[in-house]
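Colleague: Could you take a close look with me at one part of this model, and walk me through how its pieces pack together? I am new to this, so please go step by step.

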Amino acid sequence: MTEQRTYDFQRQIKTYERADVVVIGGGPAGTAAAIAAARCGRKVILLEKSGQLGGMGTLGNVSIFMPIGNVTGIYRELIGEVLASYLPDDHDTSIAPQYSPFVLRQYLNEKMKKEGVEVIYHTEFIGVVKEGDQLQAVVASTREGLRAFEAAQFIDCTGDARVAIDSGVPHTSGREQDGLTQPMTLMFMMQNTGKPVKPFLPEGCYYYEKVSDLPQGRHLYWERGEDGQLLVNMTRVKGNGATIKDTNYAETEALRQVFSIVHYLQRNGFETYTLSHVANQVGVRETNQIRGLYTLTEQDVVSGRRFADVVAQTNYEIDIHSPDGSKTTDERHVSGYDIPYRCMVPAEVTNLLVAGRSISATHVAMSSMRVQPTCYALGQAAGIAASIAIEDACDVRSVAIEKLHARLQASDVRLYKPAAYV
Ligand SMILES: Cc1cc2nc3c(=O)[nH]c(=O)nc-3n(C[C@H](O)[C@H](O)[C@H](O)COP(=O)(O)OP(=O)(O)OC[C@H]3O[C@@H](n4cnc5c(N)ncnc54)[C@H](O)[C@@H]3O)c2cc1C
């Protein structure tokens, strides 16, 4: 084994640009955070390590918005602009629209231009420049080498809490008892060709005979509209998508499963379907959670807890694809609960918020809050809160909740069931 050495790594790094708010990660949380901050009049830079926006929703080919029982804010606007036929009259209605990840990708590119957000693609955050408890800049690997991006406020929407962890914010990963995270899934699509397709099984793949042989031990797919497209969520690879070893294994193992499942489906009811698209990367459900000012718990979720500093509301179920390699999924209905602002606020840094799936939540609580519409809602609140912190020259820990609520309301966010706040 290679000797484990450590190195000091010092460089003079040029600043590429300064903004009021730098958002890192352009998934549901990051795009909403960037739009929200820009609408508050802030200069916003959004750094994205891939060549597209939408996070798991496009890059991971997720392609469905799960129902959260509150279609509001930027998420509602997005539905109205891209999927208008699904737009409910009321906010507190559940919808689960299936969409084209390619159309969403195009929509988000155009949306950012309209909103005046500067998106810098192929730019991967690698470290923070911190003075005391304040971030000065983030350093990223760009197409032109390492560059620094300065800001008054930073919002970590990497899904992995990468910025927070590098800033010294404590974090956890996976189940409390053993650290195991939900497994990864490489999503893919098949297309009905209208004529028989010869099943093909490339070298290194599996021959699945029956349902119980499949990685999830079940069928999980959706047909979209009338266009003969099948969205398939049936691969499953145990591991933590924030580790080198597990990610390496997952990318190759999941692709073997894709071809094996296609071969199985072509012999079992989808004889005229061909593989038409494989996601750009394996989908990652769960990696790191920060430990923020408040940690959302299973008890909060199942008891329908309300919080005075609510910023997002959801009734999406507890949904845990088994982390231990078994073929089960723990699905439990929940009636609805609040997510407080404090789940996005680290105690250790004055000008950093964390939005999206890596907020402060336990393993079970994150399994419910992790879906896209909730991440859009959290991102929107984080973008507004970062702007208030600039306006009031205050620490993110001291943002006035009444002001945040008023701004959210003015931005068409509706938070229901305001009774019994604790
Ligand atoms: C297989 C699978 C199926 C799912 N099914 C559904 C579903 O049906 N419906 C639903 O609503 N939700 C579903 N989800 C959950 C949902 O897609 C995610 O939880 C959600 O996208 C999280 O949003 P986010 O913005 O927090 O993070 P992500 O979507 O993970 O986005 C993070 C973004 O940050 C970027 N990034 C990461 N690191 C860096 C870095 N160092 N520098 C710069 N950029 C960086 C990434 O490239 C990415 O664009 C599913 C997830 C998976 C994996």
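**Helix 1 and its surroundings**

Modeller: Happily! Helix 1 passes helix 8 in a right-handed crossing. Keep in mind that this is a predicted model. Two packed helices are described by the angle between their axes and the distance between the axes. Here, the axes of helix 1 (residues 28–39) and helix 8 (residues 372–391) cross at roughly 35° and come within 7 Å.

Now look at who touches whom. From helix 1, the residues in the contact are Pro28, Ala29, Thr31, Ala32, Ala33, Ala36 and Ala37. They meet Gln372, Cys375, Tyr376, Gly379, Gln380, Gly383 and Ile384 of helix 8. Sorted by character, the residues of this contact are nine nonpolar, five polar and no charged. To make sense of the spacing in such lists, remember that an α-helix has 3.6 residues a turn, so residues three or four places apart point the same way. You can try this on the structure: Ala29, Ala32, Ala33 and Ala36 are among the helix 1 residues that meet helix 8.

Next, turn to helix 2, which spans residues 73–82. Its buried residues are Gly73, Ile74, Tyr75, Arg76, Leu78 and Ile79. What lies over them? The cover of these buried residues includes helix 1 and helix 8, along with helix 3 (101–115). That brings us back to our starting pair: helix 1 and helix 8 meet one another, and both also help to cover the buried residues of helix 2.

Technical notes
Residues are numbered from 1 along each chain as its sequence is written. This is a predicted model: local features need pLDDT of at least 70, side-chain atom pairs count only at pLDDT 80 or more; totals for chains, interfaces and linings use all residues. Side-chain values use heavy atoms; hydrogens and water are left out. Axes are lines fitted to C-alpha atoms, for helices over the stretch in contact, and angles run from 0 to 180 degrees between N-to-C directions. Helices (H or I, at least four residues) and strands (E, at least two) are DSSP runs, numbered from the N terminus. A crossing is left-handed if the near helix is turned anticlockwise from the far one by less than a right angle, and right-handed if clockwise. Contact means heavy atoms within 4.5 Å. Ala, Val, Leu, Ile, Met, Phe, Trp, Tyr, Cys and Pro count as nonpolar, Asp, Glu, Lys and Arg as charged, and the others, Gly among them, as polar. Buried means under 20% relative accessible area, exposed over 50%, partly exposed in between (1.4 Å probe, protein chains only).
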